[in-house]
Amino acid sequence: MSELIISVSGLRGIVGETLTPEVASRFVAAFAGKMPPGPIIVGRDGRRSGPMLSRAIIAALSACGRDCVDVDVAATPTIGVLVRERGAAGAVQISASHNPPPYNGIKLFGSSGRVLDGATGAKVRDAYLAGQAAWVPFDQIGMDTVEADPHEPHLQRVLETVDELAIRAASYRVLIDSNHGAGSLLGLRLLEALGCEVVAVGDVPDGKFSHPPEPTADNLKEIATRVRKENCVVGFCQDPDADRL
């Protein structure tokens, strides 16, 4: 059995072994007790274990009196943008980043929209290890809502930083390889908004990775070849939660 890896920014482990619904629930219950008042956003990448862990995490946060905003599949940077956009107390992103399919994990965000700072993260870790939880009585249980379009704020932020008209005029042909992770949902919208002709690879966020998920040169040799064969000017390759490009 592999060891559960816990850091000041979250944890990761093998689903069904070191990472179970009970572990996830207790970890976010410790997190809830260290956050300021306000709702908590919950997202995930495309891994098969994501929906199960999301339900467990939302239930635990609700049991700690937290209102939750369920955004389902979204890129990790998108979660950060949404925290600031919605004035949330923080966020939980369910992802094991570039680790293989048996793994999943939890990334914790503060109200700044960034991964928890070291001091707060250490308090959450210590509270989890001490078995502390912020459970509330029945009449203080939080509510959960579903965010209809979590990607729009991030899309607009990016469009505001680039010369949209110049890019549209160029009519670039580009490839995006999301490798069945979370990145395709915003990545495709962004490239299409910029008038690109898009070759999409692995755009279904189901966690069925077409190649090893870490976007290294060795793992992207076939994609590099396809970029040339498809006559694309550039290929964009993302890791499963799209915080690496």
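**Helix 7, helix 8 and the sheet around them**

Helix 8, residues 221-229, lies across strand 8, strand 9 and strand 10, and runs at about 160° to strand 8. Helices (H or I, at least four residues) and strands (E, at least two) are DSSP runs, numbered from the N terminus. Axes are lines fitted to C-alpha atoms, for helices over the stretch in contact, with angles from 0 to 180 degrees between N-to-C directions. Contact means heavy atoms within 4.5 Å.

This is a predicted model: local features need pLDDT of at least 70, side-chain atom pairs count only at pLDDT 80 or more, and totals for chains, interfaces and linings use all residues. Residues are numbered from 1 along each chain as its sequence is written, and side-chain values use heavy atoms, with hydrogens and water left out.

Now the sheet. It is open, with three strands in the order 9-8-10 and parallel pairing; two strands pair if DSSP finds at least two bridges between them. Strands 9 and 10 are the edges, each pairing on one side only. Strand 8 and strand 10 are joined in the parallel sense by four bridges, and isoleucine 176 has phenylalanine 236 of strand 10 as its bridge partner.

Next, helix 7. Of its 10 residues, 184-193, seven are buried, meaning under 20% relative accessible area with a 1.4 Å probe, protein chains only. Among them are Ser184, Gly187 and Leu191. What do the buried residues of helix 7 pack against? The partners are helices 3, 5 and 6 and strands 8, 9 and 10. After helix 7 comes glycine 195, with a positive phi near 75°.

Conventions: Buried means under 20% relative accessible area, exposed over 50%, partly exposed in between (1.4 Å probe, protein chains only).
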